[in-house]
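Visitor: I'm new to this one. Could you walk me through it with a few questions and answers?

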Amino acid sequence: MVFPILARVSAVLLVGVTLSAPAFGATTACKNTQNFDSWLDAFKKDALAQGISPQILASATPDLTFDPAIIRRDRGQGVFQQPFLQFSDRMLAGYRMQNGQLMMKRHASLFARIEREYGVPPPVLTAFWGLESDFGASFGKYRILRSLVTLAYDCRRADFFRAQLFDALRIVQRGDQKIEDMNGDWAGEFGGMQITASDYFNNAVDFDGDGRRDAIRSIPDTLASAANFLRSLGWEAGQPWIQEVRVPAQLPWDQASLTIQHPVSQWTTWGVRAAHGQLPAADTKASLLLPMGRTGPAFLAYPNFKAFLGWNSAFVYSTTVAYFAARLDGAPLVSRGAADIEVLSPQQMMELQRALVKHGFTVGDIDGKLGAQTRNAVREAQVKVGLPADAWPTAELIVKLGGHAKPAESVAQQSGQPQARAQTSPGRAGSQGARPAQQQPSGFRLPPLFR
Ligand SMILES: [Ca+2]
């Protein structure tokens, strides 16, 4: 499992709305006390002490400059999560399914070798590959050393990005990549799997046997590195990850949490049924995953789901990758559940968060986002006020907590809205950033969707 500090909101998870910064409350207050040049001198001394060679440092130096645009992105406007159905609709739109199937066919023998060695099946790797870089079509255009040095200097998450910067230099020093190829997203994720420099340094493998770990240009290295990373996150060979289920009208809804596991036999006793095919063995541990509450889509999440969360702890993103993998593995379209699932606006989410805090619940930042803490607080509050405790926030809950709620929008209403700006954010640092909006796919070779 991932530590909260490492939580990342990925590539494609967030949809920006035009909210002024004050609406989202003050950004984290911290001050840079040292000027960049003296900071950089000290950093270079530290790098030499840590074994980075003078030659590598010299060749990196043109990139080791401060970029205020990165800081602006990092401290950018508030963003809110799209709900699972809308997000996965967008992520799996156009030809992405077909391209994923094509990639699995085209690289079938490679995938088979990787599965034999690492135990990770082709649909899972393909799903990450498709969502992270559109199967290698879209790597990002930022100089990542510049991004990393800027974020390492900045006070907000300096320690995390300092370590990333060291590892980015180590990647060059190890001969994996040349300085000029170190391009990626604004927060320093790069390659076909858009992983961080530290995840790359620790997990990349040379699978094509040319002596270099090249998870940018080599497809074998890219896919095998991802498999190795997923194995390090606890992936178990031959085990399922998620499966769509049908839930009964009545269930102890407060048990539907990724932090709670029951054997499949307990879920079936409560009336949970496979939506298609069979459930796994009765003693298989499973969490009930209700990404949009009890009237929305429903899945059992098996122990391998933790590898998706380890890759990216953002719940909607992880669920979407796992669902995409299930679809590539042959699962039909997920049932969308009730037609009128209520979706709170970011303003309503903040109203709810304030009400939760007033009642003594812990939500983390009042940020309008349905993160893990807010979900837990919603569940606890639902228990307290006697609503079904499925962790899905509603206007009714706001009212019951003494807040004022305007009617929320339904998914059906929202799906007709114009596309908001796609946002991204980096690494396991939990930074929040933005990628500009992209077009809907329109051709066989998808235009890069999220950069
Ligand atoms: Ca290689």
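**A look around the chain**

Guide: Let's start with one pair: Q243 stands opposite L300 in strand 9. Keep in mind that the model is predicted.

Visitor: Which strand pairs with strand 9 over three bridges and has four of its five residues buried?

Guide: Look for a strand that runs antiparallel to strand 9 and is joined to it by three bridges. The one mostly covered, with four of its five residues buried, covers residues 242-246. That's strand 5.

Visitor: What is the bridge partner of L288 in strand 9?

Guide: Strand 8 (residues 285-289) and strand 9 (residues 299-301) run antiparallel, joined by three bridges. Within strand 9, L288 has as its bridge partner L300.

Visitor: And which residue of strand 7 is the bridge partner of R246?

Guide: Strand 5 and strand 7 pair over two bridges, in the antiparallel sense. In strand 7, R246 is partnered by R273.

Visitor: Which strands stand at the edges of that sheet, each with a single partner strand?

Guide: It's an open sheet of five strands with antiparallel pairing, in the order 6-8-9-5-7. Each edge strand has just a single partner, so one side of it is left without a neighbour in the sheet. Those two are strand 6 (262-263) and strand 7 (273-274).

Visitor: Let's turn to the helices. Are helix 6 and helix 11 roughly parallel or roughly antiparallel to each other?

Guide: Helix 6 (residues 108-118) and helix 11 (residues 219-232) pack with their axes 10 Å apart, at an angle of about 25°. Angles under 35 degrees count as roughly parallel. Helix 6 and helix 11 are therefore roughly parallel.

Visitor: Is the crossing left-handed or right-handed, and which residues make the contact?

Guide: The way helix 6 passes helix 11 is right-handed. From helix 6, the contact uses L110, I114 and Y118. From helix 11, it uses P220, L223, A224, A227, N228 and R231.

Visitor: How many residues of that contact are nonpolar?

Guide: The contact of helix 6 with helix 11 includes one polar residue and one charged residue. The nonpolar ones number seven.

Visitor: Zooming out, what share of the contacts between residues at least 6 apart in sequence join residues at least 24 apart?

Guide: The chain holds 18 helices and twelve strands, and 49% of its 451 residues are buried. Among contacts between residues at least 6 apart in sequence, the share joining residues at least 24 apart is 71%.

Definitions and conventions: Residues numbered from 1 in each chain as written. Predicted model: local features only at pLDDT ≥ 70, side-chain atom pairs only at ≥ 80, totals over all residues. Axes fitted to C-alpha atoms, helices over the stretch in contact; angles between N-to-C directions. Parallel < 35°, antiparallel > 145°, perpendicular 65-115°, else oblique. Left-handed = near helix turned anticlockwise from the far one by under 90°. Contact = placed C-beta atoms within 7 Å. Nonpolar A, V, L, I, M, F, W, Y, C, P; charged D, E, K, R; others polar. Buried ≥ 20, exposed ≤ 12 C-beta atoms within 10 Å, placed from the backbone. Pairing = 2+ DSSP bridges.
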